[in-house]
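Here is a short briefing for a reader meeting this structure for the first time. Keep the sequence and the 3D view open while you read.

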Amino acid sequence: MGQKLLSRRGFLIVLAAIAVLATTPALAQESIKIGFFAPITGPAAADGASAQHAVELAVKEVNAAGGIKGKKVELIVYDDRLNPQEAVAIANKLIEKDQVIGVVSGSYSGPTRVTAPIFAKAGVPMVAGYAVHPDVTKAGESNFRNGYLGTVEGAAAAELAVKTLKAKRIAVLSMDNDYGRELGDGFKARAEKLGATVVSYQAYKFPGEREFRPFLTRVKEANPDLLFACGYYNEGALITRQAKELGLKVPIVGTEGMDSPKFLELAGPAAEGLMITTNLDRDDPRPLVQNFLKNYRQAYGIDADMVGASSFDAFKILVAAIEKAGTDQKAITKALMETRDYNGLTGKISRFIKGEAIKPVQIQVVKEGKFRRHSIIDNPEVITPAQ
């Protein structure tokens, strides 16, 4: 009798345990966790908010359509504050505590490049939205970039400057950080290859530089016929305004860091005519693009930018790979490698080469206070990274 009671009690305990497991959020089987980090606070908060908002829109779209193979996506969000040390801690949390299937970086090169080896070692696929440094993809085969390698974007700006705008004497004003060095070096190398002369090359401190008149005075003294200025929205706006104040009457070509409503707000009328290399064409007629621009505006009361669009695409690219491969991380990496002719918000990716997206570079120009289409750079020699 005692043995029967014991066995019955044991059976009930097992049933109770099964019931608990079925109702507690061991939700790894009920949802697919995707990690996300961006500078949501700190000196790049406007970009971080843009990246987060766009990815949250993408998550809503995916979940409203039934999720991935019937499972909802759960986005695990962290704020790296544009701090590489913070980003390292976040990477370890996403891997060990959150046990995410994959990761989207909506952050800059500094935080992204230091996390890249951590995700690669763990075999966790990461797709960076727009960080430009080569170390992001060099860290391992599971790391991918939706945006442009810095040297590619810099070279595209040189194509615009020399081939389209016919510049022969060019001044470069860049940032003394990963972003600025990569774009500045890429621009200089391509411009000189095309026969132009770089008559002035200066780098300013980031973060913290606000007084650009000494740099711009030296630019003016060098007598260029074009200025290539690399910066984020704050620095870009200050450079643009102070150049106008000093009477520097040459075309200015900027970079994707200026692709922000915040830049247009801060630069004001001085931005008129500025051209930038970027990852978003507002005048692309495809419904994918126009719906995103409309939905973003309705949701957040502000125009979308390159940062948001690039992060949106990074998330959707990762989702497409999970839909194809399931949740095995090696299979997801393989699916990303096999991506062909992906019809993205920021353009068609023909393929990835060692994690780098091959697609045209967009050129936008400020007209009547808005970014509008100028042209595209699709020269294979420029948009295909050197291996």
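Lysine 163 and glutamate 159 join their side chains in a salt bridge, 3.5 Å from N to O. Both sit in helix H6, four residues apart, so about one helical turn separates them. The model is a predicted one. The points below start with charged pairs, then turn to helices, cores, aromatic rings and one strand residue.

**Salt bridges**

- Side chains of opposite charge can pair when their charged atoms come close.
- The count for this model comes to 24 salt bridges.
- Are the two partners in H6 buried or exposed? Lysine 163 is partly exposed, with a relative accessible area of 41%. Glutamate 159 is buried, at 4%.
- Arginine 213 pairs with glutamate 245, and their closest N and O atoms are 2.6 Å apart. Arginine 213 belongs to helix H8 (residues 213-222) and glutamate 245 to helix H9 (residues 233-245), so this salt bridge ties together parts 32 residues apart in sequence.
- Arginine 213 is partly exposed, with a relative accessible area of 30%. Glutamate 245 is also partly exposed, at 49%.
- Shared partners link Arg113, Asp135, Asp176, Asp178 and Arg181 into one network of salt bridges.
- Glutamate 356 forms a salt bridge with arginine 145, with 2.7 Å between the closest N and O atoms. This pair connects distant parts of the chain: glutamate 356 is in strand S13 (residues 356-358), arginine 145 is in strand S5 (residues 143-145), and their positions lie 211 residues apart in the numbering. Glutamate 356 and arginine 145 are both buried.

**Helix H7**

- Helix H7 runs through residues 178-193, 16 residues in total. At 1.5 Å a residue it should span 22 Å, and its end C-alpha atoms are 23 Å apart, which agrees.
- Which residues of H7 are buried? They are Asp178, Tyr179, Gly180, Glu182, Leu183, Gly184, Gly186, Phe187, Arg190 and Ala191.
- These buried residues pack against several elements, including helix H4 (109-122), helix H6 (150-164) and strand S6 (169-175). Strand S7 (197-204), strand S8 (226-229) and helix H14 (380-383) are also among the packing partners of H7.
- Glycine 195, just after H7, has a positive phi of about 100°.

**Helix H8**

- Phe215, Leu216, Val219 and Ala222 are the buried residues of H8. Viewed down the helix axis, they fall within an arc of 110°, so they line one face of H8.
- An α-helix has 3.6 residues a turn, so residues three or four places apart point the same way.
- The cover over the buried residues of H8 includes S6, S7, S8 and H9.
- Asparagine 223 follows H8 and has a positive phi, near 55°.

**Nonpolar cores**

- The largest nonpolar core has 80 residues. Ile34, Leu227, Phe263, Phe292 and Phe315 touch the most other members.
- Helix H12 (residues 306-325) gives this core its largest share, 11 residues.
- What does leucine 227 touch, leaving aside its neighbours within four places in sequence? Its contacts include Ala171, Val172, Leu173, Leu216 and Val219. Leu248, Val250, Pro251, Ile252 and Val253 are also among the contacts of leucine 227.
- A second, separate core holds 29 residues, among them Ala155, Ala157, Val361 and Ile363.

**Aromatic rings**

- The whole structure contains 14 aromatic pairs.
- Tyrosine 204 and phenylalanine 215 form an edge-to-face pair, 6.4 Å centre to centre with 65° between the planes. Tyrosine 204 is in strand S7 and phenylalanine 215 in helix H8, so the pair ties together parts 11 residues apart in sequence.
- Tyrosine 204 is buried, with a relative accessible area of 1%. Phenylalanine 215 counts as buried at 12%.
- Tyr108, Tyr130, Tyr179, Phe206 and Tyr232 make up one aromatic cluster.

**Alanine 38**

- Alanine 38 is in strand S1 (residues 31-38). Alanine 38 is buried, with a relative accessible area of 0%.
- Glutamine 52 is 14 residues from alanine 38 in sequence, and their C-alpha atoms are 7.1 Å apart.
- Beyond its neighbours within four places in sequence, alanine 38 is in contact with Gly48, Ala51, Tyr78, Asp79, Asp80, Arg81, Gly106 and Ser107.

Conventions. Residues are numbered from 1 along each chain as its sequence is written. This is a predicted model: local features need pLDDT of at least 70, side-chain atom pairs count only at pLDDT 80 or more; totals for chains, interfaces and linings use all residues. Side-chain values use heavy atoms; hydrogens and water are left out. Helices (H or I, at least four residues) and strands (E, at least two) are DSSP runs, numbered from the N terminus. The expected span of a helix is 1.5 Å times one less than its number of residues. Buried means under 20% relative accessible area, exposed over 50%, partly exposed in between (1.4 Å probe, protein chains only). Contact means heavy atoms within 4.5 Å. A salt bridge is a side-chain nitrogen of Lys or Arg within 4 Å of a carboxyl oxygen of Asp or Glu. A nonpolar core is a set of buried Ala, Val, Leu, Ile, Met, Phe, Trp, Tyr and Cys residues joined through side-chain atoms within 4.5 Å. The arc is that of the directions from the helix axis to the C-beta atoms. Rings of Phe, Tyr and Trp (its six-membered ring) pair if their centres lie within 6.5 Å; planes under 30 degrees apart count as stacked, over 60 as edge-to-face and the rest as tilted.
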